[in-house]
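Good morning, and thank you for the opportunity to present. I would like to walk through one structure with you, beginning with a ligand and then turning to a metal site.

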Amino acid sequence: INGLGILIGALILIFFMRISLRKPGQYDSIEQGIKRKEFIPYYQPIIDIQNGRLAGCEVLVRWRKADGSIVSPGHFIDIAEASGLARPMTSLLMEKVAQDLSVSYSRHPHLKVAINLFNRHFDDLGIVSEIEQTFGNSGVRFNQLVFEITERQPLENLDRARAIIARMQKLGVRVALDDAGTGHGGFAYLQKLGMNIIKIDKLFVDAITSGCDSVPIVDSLRQMAKGMDMVVVAEGVETEEQLDYLRRTGIDEAQGYIFAPPLPARAYLELVGALGG
Ligand code: C2E
Ligand code: CA
Ligand code: CA
Ligand code: CA
């Protein structure tokens, strides 16, 4: 029993050492990655499912490492956020988005581009001046920009967030509630924050199966949004059945593998050239 106790103690010690050693290591390499501009935007097309036209895209970050490998955000986004690197990473992305899309978006003024923000961005007004500076002299107009805020984690100070959102909207940019239905937010949250767009999380789109004629969460989110004059976007659409249901019940826009995965800039720009109208 004594031997076993020592063994377990040693294992626990090793476990915690590994955790405490890993964090700073990953932090350093994310910081290096930002310095080397290895975080790049991929662009997932968003389709207006009522008329079939391209409506724009969502920016999804990818880490393109020096060896050419592409890493998905699931592997680094939480660490970036926890270690205070969320804002510099977003700044880098926004600059790249302005570069990538300027020429093409000035030719297609109806296209929008949605960028994911972190809760940290709602601590102060910095994000508003940053948006102004980054996009003010670019070919991407403020009214083409959408900023997504997730409902997954609660915002710390709703009144402050409301004030920051109002300043963003005064510039002409729109704000979307991301992952709607997954959080604690609901109706009060939407009303308090004054969002323009609601994005129904993939979890609920997955609940749409063949032959079903009502999907309670999707339906109630849609009704709530329509009552507040918001645009509704469904994410993670993979099947014809899902698309058919969403279209039939009056959802405005959708994104998902049924149309396209997140694409590198060049591939998205080719699509805009072909479909942008
Ligand atoms: P999200 O904002 O909900 O983005 C949608 C995720 O679903 C993306 O994963 C996208 O690639 C994936 N997806 C899209 N269509 C389909 C589909 O039809 N089937 C399936 N299975 N998946 C689909 P991704 O790119 O791995 O991003 C994961 C999450 O990481 C995002 O979820 C978002 O919360 C976060 N994220 C990604 N990029 C950024 C960023 O630049 N800033 C911030 N703050 N968060 C980001
Ligand atoms: Ca999003
Ligand atoms: Ca989303
Ligand atoms: Ca989601």
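In this predicted model, a nitrogen atom of ligand 1 is 3.1 Å from an N or O atom in the side chain of Gln 44. A second contact involves the backbone: a polar backbone atom of Asn 116 is 3.4 Å from a nitrogen atom of ligand 1. An oxygen atom of ligand 1 also takes part, with a polar side-chain atom of Glu 235 at 3.3 Å. Considered alone, ligand 1 exposes 800 Å², and the protein buries 80% of that area.

Where does ligand 1 sit? It occupies the largest pocket. Two elements, β2 (54-64) and β6 (174-180), each give two or more residues to the shell around ligand 1. The largest share, 4 residues, comes from β2. There are 21 residues around ligand 1, and those that come nearest are Gln 44, Arg 62, Leu 93, Glu 238 and Tyr 257.

I now turn to the metal site. Which residues are the protein donors of the calcium ion, ligand 3? They are Asp 178, which is listed twice through OD, Asp 179 through OD and Glu 235 through OE, at 1.9 to 3.1 Å from the ion. Along the chain, these donors follow the spacing D-D-x55-E. A further calcium ion, ligand 2, is 3.2 Å from ligand 3, and Asp 178 coordinates both.

Are these two aspartates, Asp 178 and Asp 179, buried or exposed? Asp 178 has a relative accessible area of 7%, so it counts as buried. Asp 179, at 10%, is buried as well.

Thank you for your attention.

Definitions and conventions. Residues are numbered from 1 along each chain as its sequence is written. Chains are lettered from A and ligands numbered from 1 in the order in which they are written. This is a predicted model: local features need pLDDT of at least 70, side-chain atom pairs count only at pLDDT 80 or more; totals for chains, interfaces and linings use all residues. Side-chain values use heavy atoms; hydrogens and water are left out. Donors are N, O and S atoms within 2.8 Å of the metal (3.2 Å for Na, K and Ca); water is not among the atoms, so sites may look incomplete. Buried means under 20% relative accessible area, exposed over 50%, partly exposed in between (1.4 Å probe, protein chains only). A residue is near a molecule or strand if one of its heavy atoms lies within 4 Å of it. A polar contact is a pair of N or O atoms within 3.5 Å; within protein, one must be able to donate a hydrogen and the other to accept it, and residues adjacent in sequence count only if both atoms are side-chain atoms. Accessible areas come from the Shrake-Rupley method with a 1.4 Å probe; for residues, only the protein chains shown count as cover. On a 1 Å grid over the protein atoms alone, a cavity is a set of points where a 1.4 Å probe fits but cannot get out, and a pocket is an open set with protein on both sides within 12 Å along at least five of seven lines; lining residues have an atom within 4 Å of a point. A molecule sits in a cavity or pocket if more than half of its atoms lie within 2 Å of its grid points.
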